[in-house]
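Good morning, colleagues. Please turn to the sequence and the structure on the screen; I shall take a few minutes to go through them.

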Amino acid sequence: MSRTVWLVQGDKRRDYSAAEEYGEIKEIFSSIHRDFDPSGAIEHARRALSRLDEDDYLVMAGDPTLCSICVTIAAEYLGGCRVLRWDKNKLRYDLINLAF
């Protein structure tokens, strides 16, 4: 089974290609409007992450609230998640397993 790297909220000015080593990158939120609707964001993330597999990864990029929503949903679905955390000193992603 192929792995997916779920990018919470991408930024066109940043390069996420190093995460491709872990799987195909799919963006959950492409943008967020000024009038943020938490319930709409939760429903959107639930739909997007309905295909989340225990072998997939989350990249915590973008709005911290959206990152929190996605980790919470992953915990609901799988009891935890695997997070790719960018290490700016090593210039690579480190894997963190979160089990709740």
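I shall speak about confidence, the core, the cysteines, the salt bridges and one surface patch.

What we have here is a predicted model. Its protein chain has a mean pLDDT of 93, and 96% of the residues reach 70 or more. Among the elements, helix H1, residues 38-48, has the lowest mean pLDDT, at 95, while strand S3, residues 57-59, has the highest, at 98. As a general caution, where pLDDT is low, the predicted coordinates should not be read in detail.

Let me turn to the interior. The largest nonpolar core comprises 19 residues, and the members that touch the most others are Ile-28, Phe-29, Leu-49, Leu-58 and Cys-70. At least two core residues come from each of the following: strand S1 (4-9), strand S2 (24-29), H1, helix H2 (64-78) and strand S4 (80-87). Which of them gives the most to this core? That is H2, with seven residues.

Cys-70, one of those highly connected core members, brings me to the cysteines. A search of the whole structure returns zero disulfides. Why does Cys-67 not bond with Cys-70, its closest cysteine by sulfur position? The two sulfurs are 6.9 Å apart, which is too far for a bond, because a disulfide requires them to be within 2.5 Å. Both side chains belong to buried residues: Cys-67 has a relative accessible area of 8%, and Cys-70 has 0%.

Next, the charged residues. The count of salt bridges comes to six, and I shall describe some of them. Asp-87 pairs with Lys-90, with the closest N and O atoms 3.9 Å apart. Lys-90 also meets Asp-94, at 3.8 Å from N to O. Asp-94 in turn is bridged to Arg-92, where the closest N and O atoms lie 2.9 Å apart. Through these shared partners, Asp-87, Lys-90, Arg-92 and Asp-94 are joined into one network.

Are the members of this network buried or partly exposed? The acidic residues count as buried, Asp-87 at 13% relative accessibility and Asp-94 at 16%. The basic residues count as partly exposed, Lys-90 at 47% and Arg-92 at 41%.

Finally, the surface. Ile-96, Leu-98 and Phe-100 make a nonpolar patch of about 280 Å². Phe-100 sits in the segment after strand S5 (92-99), and this residue is exposed, with a relative accessible area of 66%.

Thank you; I shall be glad to take questions.

How values were computed:
Residues are numbered from 1 along each chain as its sequence is written. This is a predicted model: local features need pLDDT of at least 70, side-chain atom pairs count only at pLDDT 80 or more; totals for chains, interfaces and linings use all residues. Side-chain values use heavy atoms; hydrogens and water are left out. Buried means under 20% relative accessible area, exposed over 50%, partly exposed in between (1.4 Å probe, protein chains only). pLDDT is the predictor's confidence in each residue, from 0 to 100. Helices (H or I, at least four residues) and strands (E, at least two) are DSSP runs, numbered from the N terminus. Patches are made of residues with over 30% relative accessible area and no salt bridge: like charges are joined within 9 Å, nonpolar side chains (Val, Leu, Ile, Met, Phe, Trp, Tyr) within 5 Å. Accessible areas come from the Shrake-Rupley method with a 1.4 Å probe; for residues, only the protein chains shown count as cover. A salt bridge is a side-chain nitrogen of Lys or Arg within 4 Å of a carboxyl oxygen of Asp or Glu. A nonpolar core is a set of buried Ala, Val, Leu, Ile, Met, Phe, Trp, Tyr and Cys residues joined through side-chain atoms within 4.5 Å.
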